[in-house]
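Please follow this walk through the model below, which begins with one helix and its surroundings and then turns to cores, pockets and backbone.

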Amino acid sequence: MNHSVTVSAPGKLLLFGDHAVVYGYPSVVTAVGKRLQVTIARADVSKPMIDAPQVKDTRFVEAALRAFGKKNAISMPRIKLATFSPFSGRYGFGSSSAVTVATIKALSIYFEKPITTRELFDMSYQVVVEIQGVGSGFDVAAASYGGTLYYKKGGVVLENIGGEAVKRMPLVVGYTGIKSNTVEIVNRVAINLKNEPGKGKRIMGSIGQLVEQTIEPLQTGDWARVGKLMDFNQEYLRDLGVSSEKLENLISAAKRAGAYGAKLSGAGGGDCMIAVVPAYKMQAVKDSITKASGEVLDVQTNAEGVKVEK
Ligand code: PMV
């Protein structure tokens, strides 16, 4: 048994396929360099001690401990688990899935119970679904595997996009300042879909087709094309009713200043928008987002998946 172990897992940004991914259509997600750390160490306590100030909801950690303990038939009273994150849960970078993945990986090292990345993904996805009820698991995939992934719900398809170009995607991220409630929005979309199944199916199907078209330009670095596809994706999201005035303001600001294209990322309602931008327009786009009252976030894309820090 190790005395102490620290593991980190990356956050995520959904590049394409938001919402449609919940209904089995493909998506593209990139892992971001905002990492959440979990440290597990021995402690003289009678039940696991959890110190997770950055995680808004410790139920994910508790469920991860339960799932790992059950799978490996071990009870683990004498540990303390602490999280550290340089980014706040409010940005919507996926701190719940990152903490789940990092916790299970840290437990596997601490108790010397090796786990494959696929097993880590599967166990973490089950934990997230248990606690959250809804979700495609794209965030769990990003935290587990890292990189930029072509992903379908539950990990039935999970492939790295590959290529050198995608590592240098010229992405600008603008935060609206508004925390969106993913579960509520996903449930609202489900109700709309029941009320207007024809429209809903049409939109989801169109998003799915569009996602297929993003792979090649992402691999070759055709950013003008990637931007255009973001614009189309955003139109569908708007039709779904998940955009917001603030998101639209930031998206327009980015495009006015010369972005190739822009869209919301994630559930909508708030959180972040993303834009693909020509190199020489980078600063102008950032300034324009700031002027429109957005917060420009410095985000590295295509980040490494879960890893042991020490
Ligand atoms: O709100 P976020 O960033 O966790 O993204 C939600 C994305 C959805 O497609 C709406 C839901 C999901 O689980 O895929």
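**A helix and its surroundings**

In helix 4, the residues that are buried are Phe138, Asp139, Val140, Ala141, Ala142, Ala143 and Ser144. The model is a predicted one, and in it helix 4 is mostly covered, with 7 of its 8 residues buried. Those buried residues pack against strand 1, strand 2 (27–42), helix 2, helix 3, strand 5 (148–152) and strand 6 (157–160). After helix 4 comes Gly146, which has a positive phi near 70°.

Strand 5, one of the elements against which helix 4 packs, contains Thr148. Thr148 counts as buried because its relative accessibility is 0%, and the cut-off for that class is under 20%. Its side chain is joined to that of Thr30 by a polar contact of 2.9 Å. When neighbours within four places in sequence are left aside, the residues in contact with Thr148 are Leu15, Val28, Val29, Thr30, Glu159, Asn160, Ile161, Val166 and Asn302.

The nonpolar interior can be taken next. The largest nonpolar core has 54 residues, and Phe16, Leu171, Leu218 and Met273 are those with the most contacts inside it. Helix 6 (residues 197–220) provides the largest share of this core, namely 7 residues. Another core, of 50 residues, lies apart from it and includes Leu14, Val55, Leu65 and Val140; Val140 is also one of the buried residues of helix 4. Within the largest core, Leu218 offers a closer view: leaving aside its neighbours within four places in sequence, Leu218 is in contact with Phe16, Val28, Ile161, Ala165, Val166, Met169, Trp223 and Val226. Val28, Ile161 and Val166 also appear among the contacts of Thr148.

From the cores we pass to the pockets. The largest pocket has a volume of about 620 Å³, and of the 36 residues that line it, Lys12, Gln132, Asp139, Thr182 and Val183 are the closest to its centre. Its lining receives at least two residues from each of strand 1 (4–16), helix 1, helix 2 (95–110), helix 4 (138–145) and helix 5 (182–195). By class, the residues of this lining divide into 13 nonpolar, 15 polar and 8 charged. Asp139, named above for its place in relation to the centre of this pocket, is also listed among the buried residues of helix 4.

The second largest pocket has a volume of about 280 Å³. It is lined by 15 residues, and Ala67, Phe68, Lys71, Met123 and Gln126 lie nearest its centre. Helix 1 and helix 3 (117–132) each supply at least two residues of this lining, and helix 1 gives the most, with 7 residues. The lining of the second largest pocket has 7 nonpolar, 2 polar and 6 charged residues.

Two places in the backbone remain. Most residues other than glycine have a negative phi. Ala73, however, has a positive phi of about 50° although it is not a glycine, and it is found in the loop between helix 1 (59–72) and strand 4 (79–84). With a relative accessible area of 70%, Ala73 is exposed, since the cut-off for that class is over 50%. Ser293, which is likewise not a glycine, has a positive phi of about 70° and is found in the loop between helix 9 (282–291) and strand 10 (295–297). Ser293 also counts as exposed, because its relative accessibility is 51%.

Conventions:
Residues are numbered from 1 along each chain as its sequence is written. This is a predicted model: local features need pLDDT of at least 70, side-chain atom pairs count only at pLDDT 80 or more; totals for chains, interfaces and linings use all residues. Side-chain values use heavy atoms; hydrogens and water are left out. A nonpolar core is a set of buried Ala, Val, Leu, Ile, Met, Phe, Trp, Tyr and Cys residues joined through side-chain atoms within 4.5 Å. Buried means under 20% relative accessible area, exposed over 50%, partly exposed in between (1.4 Å probe, protein chains only). Helices (H or I, at least four residues) and strands (E, at least two) are DSSP runs, numbered from the N terminus. Contact means heavy atoms within 4.5 Å. On a 1 Å grid over the protein atoms alone, a cavity is a set of points where a 1.4 Å probe fits but cannot get out, and a pocket is an open set with protein on both sides within 12 Å along at least five of seven lines; lining residues have an atom within 4 Å of a point. Grid points are joined across faces, edges and corners, and a volume is the space filled by probe spheres set on the points. Ala, Val, Leu, Ile, Met, Phe, Trp, Tyr, Cys and Pro count as nonpolar, Asp, Glu, Lys and Arg as charged, and the others, Gly among them, as polar. A polar contact is a pair of N or O atoms within 3.5 Å; within protein, one must be able to donate a hydrogen and the other to accept it, and residues adjacent in sequence count only if both atoms are side-chain atoms.
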